[in-house]
Amino acid sequence: MTDVIIVGGGPVGLLLACELKLGGADPLVLEAATGEERRTRSLGLRSLNARTVRSLALRDLVEPVAGEQWAMLDELAGRGEPAGADLVAMMVELLREGLIRGHFSGLPLLGEAGDAEYLMLKQDRLEAVLAERAAGMGVRIWQGCAVRDVAQDESAAVATLADGRTVRAAYLVGCDGGRSLVRKRSGFTFEGTPATMTGRTAVAELASAEAVTSSLRHPGGLVNLSLVPGEIATVEFDGGPDDRDAPMTAEELEDSLRRVTGHDVVVKRLETGIRYSDNTRHAGTYRKGRVLLAGDAAHVHSPIGGQGLNLGLQDAVNLGWKLALVARGLAPEALLDTYTAERHPVAARVLRNTRAQVALMRPGPQVEALREVLAEVIELPDAKRHFTGMADGTEVDYAPGSAHPLVGRFAPRLEAVPTALLAEPSPGTARTVAELLRDGRGLVLARSGTPGGGGLNEGTPGDGGLDAAVAGHRDRVRVAHADHSTPTGDGPGDVPEDGDVEVLLVRPDGYVAWAGGRDGVAGALTTWFGPPRS
């Protein structure tokens, strides 16, 4: 018996395991594939948008992930292939300057120098970082451990393994991808629209390296030559693949390249390849009793726009702290209902915009004209802010229409100043909201009464009313003080400061749960963190 079984050890499952462990729960990750099998499936590059990067910052994971990005780019630059050297150099420059904010159907979304938070790396390298973190925290990960069935009763969720063994837990989360066994066996609905395109990504060698160039506007679809030498991708708008699992052949890729480009391309050798589509579906709910879904198990869509991985990682960050509190008996099960309530609308918006991006990729003069018009529109300041918010996740609002504009939004990026009042890690150490959330607890952030009187001070004494309100939740939250002059915007175009608010309650995932006066803190803590300890 364990607290939570996680079926699927990809990035979403691993990050969820870390969040659960940080919250004091005991997770067990069951992954069908071995590490080597996962590496062979890690084709293409994955982008991490601003919202995901800021979430990783809460757990001190940006530096190791960025390290993998730069190691990969240095390796690619060192190969020096003429066909890709210029592209690698351009991407390195854009990343170093902090200009990339994402793209919409291939239309670039660039910011001002230094204002973007964007990372790009292969999925297996991201998994390696998360697996190392999970192992360091003591998370159990069983690789090569396929699940053939799941069930639940009033007291537990049960996973039956391929070898006949069973594992029981208080809760079970399916992070097992778009064809999720957990979703199917647990009876979740999964409605949506069928595939209209076939994507292929392969590691291959062409007879002539100059025979194909990257373009979104080839006669029969699009071709992309990855930054990774030898990786080639095509997309055709042909109704979707007949068989996604059959081994890809050199002839299949060659035929696709010829149809898309209209040229007699010759593929000399194919090492490996995968197929994908724009099949777009969404689970009706993310929870049925003791079984929950996250990542592609809950929603699938076209990979165009690079939002799928980010969407799944944000599911994990939203769910982890809540499920840890419930599994430990500190909060009621009703807290888990906020997971679907908050994350389902976010995924619905992503599914909508990925459908739109596929439509804008189709060949033809009418779509070409539409792309030209949209490219002009995107450069308008308000439009650029809107499209960028979709691409980098900064437009997410879990409580639209709330009484205060900060509630439901990602926490203000308050900068700290040195102060002798800090209790940890040592007196005089500067702190930020991200640092104060690093241990997985929530944060009660009180404004000092003196504008301009200092930065962020943890555990400032002498506030008896607030201390009494928080006393029963000290195991789940910490208290800090910030002066009125500290900016509270989350980034360009985000919510401005409201100096009338005395206290913000910031959840472990970085979102503001409540804003108001000191007399409302106790009730907000009980709503989001369960009843106080006596």
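Leucine 380 sits in the loop that connects helix H11 (365–378) to helix H12 (381–392). In this predicted model, Leu380 joins Val373 and Val377 to make a nonpolar surface patch of about 230 Å². As for the surface as a whole, the chain exposes about 21700 Å², with carbon and sulfur atoms supplying 53% of that area.

Stepping back to the overall layout, the chain is built from 15 helices and 25 strands. Of its 534 residues, 53% count as buried. Long-range pairing is well represented: among contacts with a separation of 6 or more, 72% are between residues 24 or more positions apart.

On to the interior. In soluble globular proteins, nonpolar side chains tend to be buried together. Here the largest nonpolar core runs to 109 residues, and Leu48 and Val444 have the most contacts inside it. Helix H9 (residues 308–327) provides the largest share of this core, with 12 residues. Val444 shows what such a position looks like up close. Setting aside residues up to four places away in sequence, Val444 touches Leu466, Val470, Val477, Arg478, Val479 and Ala480, along with Val503, Leu504, Leu505, Val521 and Leu525. Another core, of 14 residues, lies apart from the largest one and includes Ala202, Ala204, Leu253 and Leu257.

Two polar residues also turn up in buried positions. Serine 55 belongs to helix H3 and counts as buried because its relative accessibility is 5%, against a cut-off of under 20%. Once neighbours within four places in sequence are left aside, Ser55 is in contact with Gln314, Val317 and Phe410. Threonine 201, in strand E12 (residues 198–206), is buried too, at a relative accessible area of 9%. Its contacts, again without the neighbours within four places, take in Leu43, Ile232, Ala233, Met248, Thr272, Gly273, Ile274 and Tyr276. As for valine 223, the C-alpha atoms of Thr201 and Val223 are 9.7 Å apart in space, with the two positions 22 residues apart in sequence numbering.

Charged pairs are plentiful enough to deserve a closer look: a search of the whole structure turns up 36 salt bridges. One of them pairs arginine 59 with glutamate 19, whose closest N and O atoms are 2.7 Å apart. Arg59 is in the loop between helix H3 (50–57) and helix H4 (62–79), while Glu19 is in helix H1 (residues 11–22), so this bridge ties together parts that are 40 residues apart in sequence. Both partners, Arg59 and Glu19, are buried.

Right beside Arg59 in the numbering, aspartate 60 has a salt bridge of its own, this time to arginine 438, with the closest N and O atoms 3.8 Å apart. Asp60 is in the loop between H3 and H4, and Arg438 is in the loop between helix H13 (433–436) and strand E21 (442–447), so the parts tied together here are 378 residues apart in sequence. Neither end is buried: Asp60 is partly exposed, with a relative accessible area of 40%, and Arg438 counts as partly exposed at 29%.

A further bridge brings together the side chains of arginine 287 and aspartate 337, at 2.9 Å from N to O. Arg287 is part of strand E18 (residues 287–288) and Asp337 is part of helix H10 (residues 334–361), so the pair ties a strand to a helix across 50 residues of sequence. The two ends differ in their surroundings: Arg287 counts as buried at 15% relative accessibility, whereas Asp337 is partly exposed at 43%. Salt bridges also link up into a network, one made of Arg200, Glu236, Glu252, Arg259 and Arg275.

Disulfides are another matter, since the search of the whole structure finds zero of them. Among the cysteines, Cys18 is buried, with a relative accessible area of 5%, and Cys145 is buried as well, at 7%.

Conventions. Residues numbered from 1 in each chain as written. Predicted model: local features only at pLDDT ≥ 70, side-chain atom pairs only at ≥ 80, totals over all residues. Heavy atoms only, no water. Salt bridge = Lys/Arg side-chain N within 4 Å of Asp/Glu carboxyl O. Helix = DSSP H or I, 4+ residues; strand = E, 2+ residues; numbered from the N terminus. Buried < 20%, exposed > 50% of the residue type's maximum accessible area, 1.4 Å probe, protein only. Core = buried A, V, L, I, M, F, W, Y, C linked by side-chain atoms within 4.5 Å. Contact = heavy atoms within 4.5 Å. Disulfide = S-S within 2.5 Å. Patch = residues over 30% accessible without salt bridge, like charges linked within 9 Å, V, L, I, M, F, W, Y side chains within 5 Å. Areas by Shrake-Rupley, 256 points an atom, 1.4 Å probe, with all protein chains shown as cover.
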